[in-house]
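Visitor: I am new to this structure and would like to look closely at a single part of it. Could you choose a place to start and then lead me outward from there, step by step?

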Amino acid sequence: MLKFFSYNVFCFLLLPIIVVIYMSFNSNAYFMLGNDLSIQWYKELFTTPVWISTFKNSLMLATVSTFFSLLIGIPAALWLRINSKYESMIMSLVLSPIIIPPIIAAIGWFFFYSKLNMNNSMVNMVLSHTILSIPFVVISVLTSLKQYNLSLTKSSLLCGASQFETFMYITFPQIKLGIFTGALLSFMNSFDEFIVAMFLSNHNTRTVPLQLWSSMRENISPVVLAIASILIMVSFVFLLLSNTKYFRGINVE
Amino acid sequence: MKNFLIYPLLLLLGIFFVIPIGNMLLYSVYNTKVETHLPKTANAFKENKDVYEAYVLDLKDENSIGIVNYLNHYYSGSRGLILKTRNNIEQFQPPYKQSLEEFDERYKDSKFWSMLENETHAFTLENYKMIFSQFDSVYFQILYQTIYLGICITCITVLISYPTAYYLTTIKNRWLFLICIFSVLLPFFTSYLSRLVAWLVLLQNNGLINQFIEYIGLSKIALMNNTLGIFIGSIYVLLPLAILPIYTTMKKIKNEYYKTGQILGGNKIQVFRYVYFPMTAIGVYNAVILVFMSVIGFYLTPALLGGSKGKFIAEQIVYNIEQTLNWGLATALTSTLFFIVMLLFGVYTKLNRGIIHA
């Protein structure tokens with residue numbers, strides 16, 4: 001009984017993903033079953049200029065914001081490891097960008113950046129996505145730092161290494177899995193982000209989710225399925241790449 | 001010592017996160033509409049000058065057109081009234097009061113002028129009044145509906161998640177377990193819009209489910225563009241979010257507790273009620289709060305699967321920002337949402353801290 005119910009739930013969770021991947025190879029333009037397999041929608045996807053440009057935008061945005069969130073998040077996690085008495089206070093601030101619904105932050109940024117006249121470049125989106133990505137970096141780096149013995153840092157310093165050398169040769173190798181996970185999560189989060197991009201982008205800085213959304217609402221063509229299955233496969237690979245056990249620890253935090 | 005490590009984070013969050021949200025909260029009680037579009041009238045109210053003259057002079061200016069849609073929210077019919085006045089602006093002669101009142105009866109209504117005066121004050125609660133003063137207003141209905149649907153969706157999601165998470169803890173076979181946990185994690189890490197595309201393909205009128213229903217000889221049913229569509233889409237998106245915290249709490253519970261309960265003479269229901277459930281309660285609370293906080297901010301799911309009539313507060317916010325340009329009202333709705341979420345966030349941190357201390 002319980003088993004039957006649970007398997008239904010698991011099927012319910014997997015069904016849409018399988019459907020999207022299957023239908024993206026279906027040659028019928030109206031989502032009818034029982035047609036030939038083809039890769040025509042993938043071909044169309046990679047030859048449509050608007051998809052290519054939005055892809056470029058999204059990749060750039062996700063890469064740059066991931067870079068900045070690592071740059072800011074890793075030192076912050078190191079600090080939180082040392083000063084753990086402020087942890088809960090600072091963590092609730094750090095977590096708030098992903099805890100509160102994105103629409104609230106999006107409206108806030110919408111007015112803020114238009115006041116500053118920053119609506120014409122991608123800078124505003126990079127800043128916002130960095131803020132939305134930092135929580136992932138801080139959480140995953142902090143989780144792996146928790147297993148790191150702080151006396152290693154001390155002994156390295158005593159042996160005459162500089163602060164930077166200590167980080168590069170002692171700390172970094174032990175937390176690199178955490179950094180990798182954080183980078184992965186923040187990249188995926190930024191690549192997938194919709195609401196903030198909707199309010200902050202202009203016609204030059206449209207991202208993949210925005211383009212997906214508008215083509216879903218106007219005339220839904222199976223090209224949308226092609227891009228959806230590419231995104232699904234990317235996260236599938238990412239999920240396999242990282243240790244599943246490790247991921248689980250992060251989600252629950 | 002070494003505080004420079006945390007400063008960049010605090011600076012970035014302070015300037016580009018806390019200030020924008022604070023600014024948004026202020027915007028909801030700050031009114032600049034009349035000042036920008038009818039500057040002379042606003043000035044006349046402040047300095048007790050002849051408002052009627054300033055009003056006519058303002059309407060001669062092209063700039064004043066921006067106010068008409070806005071004022072119509074607060075005094076119905078004022079849109080037509082102002083447009084009509086603008087079209088005949090040349091016929092007004094001093095004394096303007098008399099000539100305006102002769103032109104249209106509604107200018108005798110003191111409500112119109114007091115509304116205009118209220119709108120010129122910088123601080124205003126008008127936006128909040130519009131939401132909360134009448135229980136049958138559109139905005140209050142939307143707020144009520146969001147919370148109502150949110151509670152329903154949260155309950156269903158958690159009720160489904162609880163047994164599923166329990167089943168996950170009972171799996172002994174390693175590969176079976178990996179497949180099961182993978183089916184929870186993969187949707188969780190998959191792009192949000194990809195998942196919605198899937199439901200669009202499945203649920204639409206000629207979608208796969210309806211094709212199947214027709215194939216077995218039944219008539220089609222409307223699966224999307226209604227509340228059912230919102231339920232299916234939201235529950236799908238939220239299930240992993242509920243299963244994972246419940247699962248981690250359950251995983252920590254040792255089998256011995258359960259056995260002890262049975263040895264002490266409890267039947268299955270009693271053991272569940274008095275031993276197992278209280279220990280998993282914190283996971284359930286966490287799941288409820290996480291799920292509810294995300295569901296009340298939903299935009300994409302209801303906008304795509306719920307039909308054209310907006311049912312969620314986020315849709316109303318976007319509509320007010322993009323279509324009616326009533327930004328004051330949009331920020332007031334956003335701020336209301338913000339306060340609800342902050343309240344829940346407070347409860348969430350309090351609950352978790354209590355557990356850590358215990």
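**From one threonine outward**

Guide: Thr54(A) lies in helix 3 of chain A, which runs over residues 49–82. Please keep in mind that the model is predicted. With a relative accessible area of 2%, Thr54(A) is buried, because anything under 20% counts as buried here. Leaving out residues up to four places away in sequence, Thr54(A) touches Arg206(A), Thr207(A), Val208(A) and Gln211(A).

From there we can stay in chain A and look at helix 2 (residues 40–47) and helix 11 (residues 223–241), whose axes come within 8 Å and cross at roughly 90°. Helix 2 of chain A is therefore roughly perpendicular to helix 11 of chain A. On the side of helix 2, the contact is made by Trp41(A), Tyr42(A), Glu44(A), Leu45(A) and Phe46(A), while helix 11 brings Val223(A), Ala226(A), Ile227(A), Ser229(A), Ile230(A) and Met233(A). Sorted by class, the residues of this contact are nine nonpolar, one polar and one charged.

The next step takes us to the core. In soluble globular proteins, nonpolar side chains tend to be buried together. The largest nonpolar core in this model has 203 residues, and those that touch the most other members are Ile103(A), Phe199(A) and Tyr299(B). The element that gives the most to this core is helix 14 of chain B (residues 227–252), with 14 residues. If we set aside residues up to four places away in sequence, Phe199(A) touches Ile103(A), Ala106(A), Ile107(A) and Phe110(A), as well as Val318(B) and Ile321(B) of the other chain.

Another place where the chains meet is the pair formed by helix 1 of chain A (residues 2–24) and helix 10 of chain B (residues 138–170), whose axes come within 9 Å and cross at roughly 105°. These two helices are therefore roughly perpendicular to each other. From helix 1 of chain A, the residues Leu2(A), Lys3(A), Phe5(A), Ser6(A), Tyr7(A), Val9(A) and Phe10(A) meet Ile160(B), Pro163(B), Thr164(B), Tyr166(B), Tyr167(B) and Leu168(B) from helix 10 of chain B. Taken by class, this contact has 10 nonpolar, two polar and one charged residues.

Having crossed over, we can consider chain B as a whole, in which 19 helices and zero strands make up the secondary structure. Its C-alpha trace spans about 95 × 70 × 40 Å along the principal axes, and its radius of gyration is 28 Å, where a compact globule of 358 residues would have one near 21 Å. Buried residues account for 52% of the 358 residues in chain B. Among the contacts in chain B between residues at least 6 apart in sequence, 68% join residues at least 24 apart.

Helix 10 of chain B also has a partner within its own chain, helix 18 (residues 313–322), and the two axes come within 8 Å and cross at roughly 145°. Here Tyr139(B), Ile142(B), Leu143(B) and Thr146(B) of helix 10 meet Ile313(B), Gln316(B) and Asn320(B) of helix 18. By class, the residues of this contact divide into four nonpolar, three polar and no charged.

A second threonine may be set beside the one we began with. Thr301(B) is found in helix 17 of chain B (residues 300–305), and at 0% relative accessibility Thr301(B) counts as buried. Apart from neighbours within four places in sequence, Thr301(B) is in contact with Tyr192(B), Leu196(B), Ile230(B), Gly233(B), Ser234(B) and Gly306(B). Asn225(B) lies in the loop between helix 13 (208–215) and helix 14 of chain B, and although Asn225(B) is not a glycine, its phi is positive, at about 65°.

We can finish in helix 19 of chain B (residues 327–357), where Ile340(B) has its place. Ile340(B) is partly exposed, since its relative accessible area of 22% falls between the limits of 20% and 50%. Leaving aside neighbours within four places in sequence, Ile340(B) is in contact with Ile147(B) and Ile296(B). From C-alpha to C-alpha, Ile340(B) is 8.7 Å from Met293(B) in space, with their positions 47 residues apart in sequence. Met342(B) also lies in helix 19 of chain B and is partly exposed, at a relative accessible area of 29%. Met342(B) and Met293(B) are 49 residues apart in sequence, and their C-alpha atoms are 9.5 Å apart in space.

Definitions and conventions: Residues are numbered from 1 along each chain as its sequence is written. Chains are lettered from A and ligands numbered from 1 in the order in which they are written. This is a predicted model: local features need pLDDT of at least 70, side-chain atom pairs count only at pLDDT 80 or more; totals for chains, interfaces and linings use all residues. Side-chain values use heavy atoms; hydrogens and water are left out. A nonpolar core is a set of buried Ala, Val, Leu, Ile, Met, Phe, Trp, Tyr and Cys residues joined through side-chain atoms within 4.5 Å. Buried means under 20% relative accessible area, exposed over 50%, partly exposed in between (1.4 Å probe, protein chains only). Helices (H or I, at least four residues) and strands (E, at least two) are DSSP runs, numbered from the N terminus. Contact means heavy atoms within 4.5 Å. Axes are lines fitted to C-alpha atoms, for helices over the stretch in contact, and angles run from 0 to 180 degrees between N-to-C directions. Angles under 35 degrees count as roughly parallel, over 145 as roughly antiparallel, 65 to 115 as roughly perpendicular and the rest as oblique. Ala, Val, Leu, Ile, Met, Phe, Trp, Tyr, Cys and Pro count as nonpolar, Asp, Glu, Lys and Arg as charged, and the others, Gly among them, as polar. The radius of gyration is taken over C-alpha atoms; the globule rule is 2.2 Å times the number of residues to the power 0.38.
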